[in-house]
Amino acid sequence: MLVEINRPARIGTMLCLPGDVVLAKREGVMCIPPQLAELVCKTGEIVQLRDMFGFQRIKEGVYTPGQIDQRWSDVMEKDFSKWLNDHIDSLPVPRAQIQELLKERTW
């Protein structure tokens, strides 16, 4: 039953405010404040690409899981950048977006 419109809503222990972006996945639901939505999306794309790189390099025996799961060395970061450029057309993130992410790289 609809009680109010444009008012905070509590879903379980989570508070969802008007304007929040709701992300629902099998693992759960979260409300993202609108001012953080772009950052969350960009960070998610970077994490996805780094995971793909990490899984491939572990499978190839280039790095160990311990190396991938800790802060990457400069050599690993350069390897990741090269990997991105080598696979730029086959990745799930569009080429233009990858190039933009690399320009503003703060990770």
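Lys42 and Glu38 lie four residues apart in helix 1 (residues 37-60), so about one helical turn separates them. In this predicted model, the two side chains form a salt bridge whose closest N and O atoms are 3.3 Å apart. The partners differ in their surroundings: Lys42 is buried, with a relative accessible area of 18%, whereas Glu38 is exposed at 54%. Lys42 counts as buried because its value falls under the 20% cut-off, and Glu38 counts as exposed because its value is over 50%.

A second pair within helix 1 is formed by Glu60 and Arg57, which are three residues apart and therefore also separated by about one helical turn. The closest N and O atoms of this salt bridge are 3.0 Å apart. Glu60 is partly exposed, with a relative accessibility of 43%, while Arg57 is buried at 12%. Salt bridges with shared partners also join Glu38, Lys42 and Glu100 into one network.

The salt bridge between Glu77 and Arg50 has its closest N and O atoms 3.1 Å apart. This pair links distant parts of the chain, since Glu77 belongs to helix 3 (residues 74-86) and Arg50 to helix 1, with their positions 27 residues apart. Both ends are buried: Glu77 has a relative accessible area of 15%, and Arg50 has one of 17%. The side chains of Glu77 and Arg50 are also recorded as making a polar contact at 3.1 Å. In general terms, side chains of opposite charge can pair when their charged atoms come close. The count for the model comes to eight salt bridges, and the table lists the three described here.

| Salt bridge | Closest N and O atoms |
|---|---|
| Lys42 and Glu38 | 3.3 Å |
| Glu77 and Arg50 | 3.1 Å |
| Glu60 and Arg57 | 3.0 Å |

The helix packing gives a setting for several of these residues. Two packed helices are described by the angle between their axes and the distance between the axes. For helix 1 and helix 3, the axes come within 11 Å and cross at roughly 105°. Helix 1 is therefore roughly perpendicular to helix 3, because the angle falls in the range of 65 to 115 degrees. On the helix 1 side, the contact is made by Leu49, Arg50, Met52, Phe53, Gln56 and Arg57. Helix 3 contributes Met76, Glu77, Asp79, Phe80, Trp83 and Leu84. By class, these residues comprise seven nonpolar, one polar and four charged. Arg50 and Glu77, which form a salt bridge, are both among the residues of this contact.

Helix 1 also packs against helix 4 (residues 95-103), at an angle of about 100° and with the axes 11 Å apart. These two helices are therefore roughly perpendicular to each other as well. Here helix 1 supplies Lys42, Glu45, Ile46 and Leu49, and helix 4 supplies Gln97, Ile98, Glu100 and Leu101. The residues of this contact divide into four nonpolar, one polar and three charged. Lys42 and Glu100 take part in the contact, and both belong to the salt-bridge network that includes Glu38. Leu49 of helix 1 is listed in the contact with helix 4 and also in the contact with helix 3.

How values were computed. Residues numbered from 1 in each chain as written. Predicted model: local features only at pLDDT ≥ 70, side-chain atom pairs only at ≥ 80, totals over all residues. Heavy atoms only, no water. Salt bridge = Lys/Arg side-chain N within 4 Å of Asp/Glu carboxyl O. Buried < 20%, exposed > 50% of the residue type's maximum accessible area, 1.4 Å probe, protein only. Polar contact = N/O pair within 3.5 Å; in protein donor to acceptor, adjacent residues only side chain to side chain. Axes fitted to C-alpha atoms, helices over the stretch in contact; angles between N-to-C directions. Parallel < 35°, antiparallel > 145°, perpendicular 65-115°, else oblique. Contact = heavy atoms within 4.5 Å. Nonpolar A, V, L, I, M, F, W, Y, C, P; charged D, E, K, R; others polar.
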